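Let's take a friendly walk through a protein structure. Have a look at the sequence and the 3D view before reading on.

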Amino acid sequence: MAITTLSSKNQIVVPREARKALGLKPGDKLLVVVHAGRLLILEKPKSYAKALQGIGKGWYADDYLKKERDSWE
């Protein structure tokens with residue numbers, strides 16, 4: 001785990017070990033997300049569709065969709 005400091009210009013430096021672990025290079029885009037009182041810095045996905053694929057898996061019971069559709073009749 002690395003520590004970084006917010007500068008007087010409100011900038012941070014992504015520590016070398018984090019850049020190396022993610023394979024980041026100058027010019028790469030990062031997403032900054034505030035979630036549950038925490039700051040998350042994520043590598044911007046090249047394809048949002050691929051990044052989100054399967055994200056909802058397991059949210060609903062296996063037969064939920066069938067029951068929902070049956071209720072429309």
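The report below covers a hairpin, a pocket and a few single residues.

This is a predicted model, in which local features need pLDDT of at least 70 and side-chain atom pairs count only at pLDDT 80 or more, while totals for chains, interfaces and linings use all residues. Residues are numbered from 1 along each chain as its sequence is written, and side-chain values use heavy atoms, with hydrogens and water left out.

**The hairpin**

Begin with strands β1 (residues 30-35) and β2 (38-43). Helices (H or I, at least four residues) and strands (E, at least two) are DSSP runs, numbered from the N terminus. The two strands run antiparallel and are joined by 6 bridges; strands pair if DSSP finds at least two bridges between them. Histidine 35 faces arginine 38 in β2. The hairpin has 2 residues between its strands. Strand β1 lies largely in the open, because 0 of its 6 residues are buried. Here buried means under 20% relative accessible area, exposed over 50%, and partly exposed in between (1.4 Å probe, protein chains only).

**Three residues to find**

Most residues other than glycine have a negative phi. Asparagine 10 has a positive phi of about 60° although it is not a glycine, and alanine 36 has one of about 55°. The table adds aspartate 63 and shows where each residue sits.

| Residue | Place | Relative accessibility |
|---|---|---|
| Asparagine 10 | segment before α1 | 62%, exposed |
| Alanine 36 | loop between β1 and β2 | 68%, exposed |
| Aspartate 63 | loop between α2 (48-52) and α3 (64-71) | 35%, partly exposed |

Aspartate 63 and glycine 27 are 36 residues apart along the chain, and their C-alpha atoms are separated by 45 Å.

**The largest pocket**

How big is the volume of the largest pocket? The value is about 160 Å³. On a 1 Å grid over the protein atoms alone, a pocket is an open set of points where a 1.4 Å probe fits, with protein on both sides within 12 Å along at least five of seven lines; lining residues have an atom within 4 Å of a point. The volume is the space filled by probe spheres set on the points, which are joined across faces, edges and corners.

Of the 13 lining residues, Val14, Pro15, Ala18, Leu22 and Ile41 are the closest to the centre of the pocket. Helix α1 (16-22) and strand β2 each give two or more residues to the lining, and the largest share, 3 residues, comes from β2. By type, the lining has 11 nonpolar residues, 1 polar and 1 charged. Ala, Val, Leu, Ile, Met, Phe, Trp, Tyr, Cys and Pro count as nonpolar, Asp, Glu, Lys and Arg as charged, and the others, Gly among them, as polar.
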